[in-house]
Protein chains: 2
Amino acid sequence: MNNFMFYSPAKVLFGRGVLSEIGKECRPYGKKALLLYGKESLKTSGLYDQIISRLKKEGIAVVEHQGVQPNPVLPHALEGVEIARRESVDFILAAGGGSVIDEAKGIASGVYAEDDLWDYYSGKKAVEKSLPIIAVQTQPATSSEMNMVGVLTNPDRNEKFGLRSPHNVPKVAFLDPETTFSIPLKYTAYACFDIMSHLLEGYFTTTGSFSPVQDGFVEGLATGVIDSLERVLKNPEDYDARASIMWAGALAWNGLANAGLEGAAIPSHMFEHPLSALYDVAHGAGLAVVMPAWLKYRKMEIAPRIIKFGQKILRMEGLDTSKEEKACDLVIGRFEEFIASIGCPLTLKEAGIVSPDMDELVKQVTTLSKLWGIGGYGDSDIRAVYSLCL
Amino acid sequence: MNNFMFYSPAKVLFGRGVLSEIGKECRPYGKKALLLYGKESLKTSGLYDQIISRLKKEGIAVVEHQGVQPNPVLPHALEGVEIARRESVDFILAAGGGSVIDEAKGIASGVYAEDDLWDYYSGKKAVEKSLPIIAVQTQPATSSEMNMVGVLTNPDRNEKFGLRSPHNVPKVAFLDPETTFSIPLKYTAYACFDIMSHLLEGYFTTTGSFSPVQDGFVEGLATGVIDSLERVLKNPEDYDARASIMWAGALAWNGLANAGLEGAAIPSHMFEHPLSALYDVAHGAGLAVVMPAWLKYRKMEIAPRIIKFGQKILRMEGLDTSKEEKACDLVIGRFEEFIASIGCPLTLKEAGIVSPDMDELVKQVTTLSKLWGIGGYGDSDIRAVYSLCL
């Protein structure tokens, strides 16, 4: 295990009806909220009315900023910053999926940014202060409700970058599994794939040293996600299975999965972010395409880990491990079967990307690899990984 | 999954040499510390000098309170309260095992207690304010470094009670696995058993509903602890295995293992605490005695869970499950073999308790069952469980 810092101070309220506490929980953070959300679904689901009436009861005024996109963009966040400043809001209440909570982090930091907000994303500056954030997570996957990371896309520069600051961990996070019953199965599968990718980025590191408890954490949660998804695909209103996925989403990227594997890289995300930035593909779908490709490219370096992944997570009993490369191929093949079985794409074409701009993709991965400190990916490596996605 | 609140805001610094940061990390909490520790071993290990010199460099004055016992007692905590008040310390720096950090919580709350500190422990009053605590964990097991719980024994009343308050979560926790290299193997095994008991209390609940991700978390961590202990028993300086145990200790009782199983009871602890209170037995050793006994007593109510425990955690491949009771007996038998193999006691006698005072034990368990809200344990149940420990 490498040295690490773990810090996830969000107070999580999890379960049926926890939103009834939202007024009381917001109260310590001030008298005026910026309510940030995405689509009309917050209103049709009844959540909007519930939130507004609970805040009203506590005497908290609400200013709204609607229309956050699935891959949230900088201009919309900047509009939010303007509203938050003009209206002198005390805190941000982000209600929706990871995209909404991610954008809230940009706004929360942006309110105190003197210059260009994007400087925080491109690593030129560090956040020193943010507005408090209260998160209502309705589409679990990113753990944005428990972590310090928020991702935005800058369309002018075609960049999708993350901002990382302890000032941006939400103060309180509400997770009610019943709010996820209505998520279409396709998107539930994308979310589960995203959660698994978060769990697995460190598991396949080429630079860390593994420990039984860290492996157990990843293997336990990943098999839990697979089993829960299987149940939800049969019965979308299976509460315990939905709850299981929601909680795994929170735990998979709040710092626990990579603890001790710091500096381990998140290579699948490095290859996926440019796809969402350029082609607006759903993040989970993009990950399903790049992850097996990346495993194929790296297989001989991480063969023992791929075999362990097959045995412990895909539960391939009796896997013939006598020939390492062949065993890896069997595991990756089984992984692709799993991905197809849950309705995720396996190629760029299946993800709706017909003619990928290879030069631009290479450029962006190169930028990210510098930003995230991930070595070992020259032009030819990057092209090779994407070629395996065709 | 039941509803739950998860809140573990401690900033954890984990790894080799993390104590070099202690001065800097203490600085925001004031200019005068109460250094709380147990034995001379803090000095002989060199940790004492390291801490003192790092604090000095930051201009932080240190007042000391030494001599915390393995099962920490109220009178020693009250002495600490007196020193902390008299010296007007700004924060408490607790360096040692769970007992030291537990006692620090009593002192931290006691400084602001107007009346009897024990009122907080017996549930008569709730903590409203505490001094900040910085924790240096050197004997992992209790997760006291990441949670809101602290246990003390009141020798005048022969009671061992816990205090639970969000005000008592340490601000910063330092965990350096190398500080655990010198823990004798017997005590390492006790610690691992304690960690496993924390993981398993919720796993065997008779009132909760289980979910795949929660089960995966417990099974992954418990197998990780078993595998790590096996490595440490062969090589006490196996860093990754020691680190693995240390991190499992932090995660097993910081709220994650029981999340969604709230109200699930901690029956093994309910039966163990009176043993440590009356006979000063090591907590992990006491748990090793009561846990199989409790499983035997409850086996027909939780048979499917015992079988799952055997299959997933004890990894009994090919367990014959055609007859439920017999399968449970096989699993509990295998569990006892495991306990003996790591050097833990299996009976009260092996734990050094030759003539247990059954009436007093029954009285104490009855008190704890009320305090902790654990139903279903009348006099005859309690006697039956302890009889299985003979």
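Two strands pair if DSSP finds at least two bridges between them. Helices (H or I, at least four residues) and strands (E, at least two) are DSSP runs, numbered from the N terminus. With that in hand, let us look at some close-ups. This is a predicted model, in which local features need pLDDT of at least 70 and side-chain atom pairs count only at pLDDT 80 or more, while totals for chains, interfaces and linings use all residues. Residues are numbered from 1 along each chain as its sequence is written, and chains are lettered from A and ligands numbered from 1 in the order in which they are written.

**View 1. Strands 5 and 6 of chain B run in parallel.** Six bridges link strand 5 (residues 91-97) of chain B to strand 6 (residues 133-139) of chain B. To find your place in this pair, look for B:Ala95, which stands opposite B:Val136 in strand 6 of chain B.

**View 2. Strand 6 of chain B also pairs with strand 9 of chain B.** This pairing, with strand 9 (residues 172-175) of chain B, is parallel and has four bridges. Here B:Ile134 has B:Val172 as its bridge partner in strand 9 of chain B. Is strand 6 of chain B mostly covered or mostly exposed? Strand 6 of chain B is mostly covered, with seven of its seven residues buried. A residue is buried if 20 or more other C-beta atoms lie within 10 Å of its own, exposed if 12 or fewer, and partly exposed in between, with C-beta atoms placed from the backbone.

**View 3. Seven strands from chains A and B form an open sheet.** Follow the strands in the order 1(A)-2(B)-9(B)-6(B)-5(B)-3(B)-4(B), and you will meet mixed pairing. Which strands are at the edges? They are strand 1 (4-6) of chain A and strand 4 (61-65) of chain B, each of which pairs on one side only. On average, neighbouring strands of this sheet are turned by 20° against each other, direction ignored; the axes are lines fitted to C-alpha atoms, for helices over the stretch in contact, and angles run from 0 to 180 degrees between N-to-C directions.

**View 4. A strand of chain A joins a strand of chain B.** Strand 1 of chain A and strand 2 (residues 11-14) of chain B run antiparallel and are joined by three bridges. The bridge partner of A:Phe6 in strand 2 of chain B is B:Val12.

**View 5. Chains A and B touch through 37 residues from each.** Two residues are in contact if their C-beta atoms, placed from the backbone, lie within 7 Å. Which element of chain A gives the most to the side that touches chain B? Helix 8 of chain A does, with 13 residues. The residues on this side of chain A divide into 19 nonpolar, twelve polar and six charged. Here Ala, Val, Leu, Ile, Met, Phe, Trp, Tyr, Cys and Pro count as nonpolar, Asp, Glu, Lys and Arg as charged, and the others, Gly among them, as polar.

**View 6. Two loop residues have a positive phi.** Most residues other than glycine have a negative phi. A:Ser143, with phi near 65°, lies in the loop between strand 6 (133-139) and strand 7 (149-154) of chain A. A:Ser143 counts as buried because it has 27 C-beta neighbours inside 10 Å. B:Asn158 has phi near 50° and lies in the loop between strand 7 (149-154) and strand 8 (159-164) of chain B. B:Asn158 counts as partly exposed because it has 14 C-beta neighbours inside 10 Å.
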